[in-house]
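Q: Please take a close look at one part of this structure, a single strand of the sheet, and describe how it is placed among its surroundings. A connected account is preferred, with the rest of the chain brought in where it helps.

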Amino acid sequence: MDAPADKKSRIKVRHKYLVSACLAGINCTYNGKNKLRHVIRRMVEDGIAVPVCPESLGGGSIPRFKCEISGGDGGDVLDKKAKVLTPCGKDVSKILIAGARKALAIARKYGLDKAIMKSKSPSCGCGYIYDGTFSRKLVKGDGVTTSLLRRNKIRIYTDTDRKYA
Ligand code: SF4
């Protein structure tokens with residue numbers, strides 16, 4: 001049974017984490033699917049995590065282009081030293097940068113100082129990302145959003161990391 005309205009109004013939900021929306025079961029990946037992690041969906045349902053999909057926030061549709069960072073990592077994209085390209089060479093860097101800025105704005109709005117990000121993604125990747133050749137080869141580095149969050153002192157975990165739980 002729901003709590004009475006006056007009791008509800010006294011319950012303070014304390015958000016703590018920004019999380020990649022696909023990990024919460026939202027169908028927002030480039031091919032319209034999700035990367036559900038039940039523990040993260042529960043965190044959203046319990047009100048301690050806020051889901052964001054930077055590539056959607058930046059203007060990418062669902063489904064949308066597949067893309068990888070070419071010539072560096074997410075920090076290099078933010079510094080205009082590398083690009084995010086589709087397999088046919090279209091530059092979609094602006095979309096990923098815009099999404100990163102919006103994700104950071106949401107983290108600030110909710111006062112979040114931790115994030116759980118989807119591994120290997122050109123936006124949300126943490127520690128390792130694909131190398132830009134679309135051959136599933138990984139290189140060291142963060143995605144564009146993860147790089148921007150780190151630069152703004154947000155502590156980053158990845159979905160394969162259990163230390164956040
Ligand atoms: S941009 Fe991040 S949240 Fe959105 S689908 Fe890719 S990994 Fe998931």
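A: In this predicted model, Tyr 17 stands opposite Lys 114 in strand E5. This pairing belongs to the contact between strand E1, residues 17-20, and strand E5, residues 114-117, which run parallel and are joined by three bridges. Leu 18 likewise has a partner in E5, namely Ala 115.

E1 is also joined to strand E2, residues 49-52, again in parallel, through four bridges. Here Leu 18 has Val 50 as its bridge partner. Leu 18 thus faces Ala 115 in E5 and Val 50 in E2. The connection from E1 to E2 involves helix H2, residues 38-45, and the three elements make a right-handed β-α-β unit.

The sheet continues beyond E5. E5 and E8 pair in the parallel sense over four bridges, and Met 117 has Thr 158 in E8 as its bridge partner.

The side chains of E1 may be considered next. In a regular strand, side chains alternate between the two faces of the sheet. In E1, Tyr 17 and Val 19 lie on one side, Leu 18 and Ser 20 on the other, and all four are buried, so both faces of the strand are covered. Nonpolar side chains tend to be buried together in soluble globular proteins. Here the largest nonpolar core has 44 residues, and those with the most contacts inside it are Leu 18, Val 19 and Ala 115. Helix H5, residues 93-110, gives the most to this core, with seven residues.

Ala 115 shows how E1 is tied into its surroundings. Leaving out residues up to four places away in sequence, Ala 115 touches Tyr 17, Leu 18 and Val 19, and also Ala 107, Leu 149, Ile 154 and Ile 156.

Ser 20, a buried residue of E1, is also one of the residues around the ligand. That shell further includes Ala 21, Cys 22, Cys 28, Thr 29, Cys 53, Pro 54, Glu 55 and Lys 118. By class, the shell divides into six nonpolar, four polar and two charged residues.

Away from E1, helix H4 contains Leu 78. Leu 78 has 20 other C-beta atoms within 10 Å, and because the threshold for burial is 20 or more, Leu 78 counts as buried. Beyond its neighbours within four places in sequence, Leu 78 is in contact with Ile 97, Val 144, Ser 147 and Leu 148. Between Leu 78 and Thr 158 there are 20 Å in space, C-alpha to C-alpha, and 80 residues in sequence.

Some backbone features in the loops also merit attention. Most residues other than glycine have a negative phi, and most peptide bonds are trans. Lys 80, however, has a positive phi of about 65°; this residue lies in the loop between helix H4 (74-78) and strand E4 (83-85). Lys 80 is exposed, with 9 other C-beta atoms within 10 Å. Lys 153 also has a positive phi, near 70°, and is placed in the loop between helix H6 (144-151) and strand E8 (155-158). With 7 C-beta neighbours inside 10 Å, Lys 153 counts as exposed. Finally, the peptide bond joining Ile 62 and Pro 63 is cis, with omega about -5°, and Pro 63 lies in the loop between helix H3 (54-57) and strand E3 (68-70).

Technical notes: Residues numbered from 1 in each chain as written. Helix = DSSP H or I, 4+ residues; strand = E, 2+ residues; numbered from the N terminus. Buried ≥ 20, exposed ≤ 12 C-beta atoms within 10 Å, placed from the backbone. Pairing = 2+ DSSP bridges. Near = placed C-beta within 6 Å. Nonpolar A, V, L, I, M, F, W, Y, C, P; charged D, E, K, R; others polar. Core = buried A, V, L, I, M, F, W, Y, C linked by C-beta atoms within 7 Å. Contact = placed C-beta atoms within 7 Å. Right-handed = clockwise from strand over helix to strand, strands pointing away.
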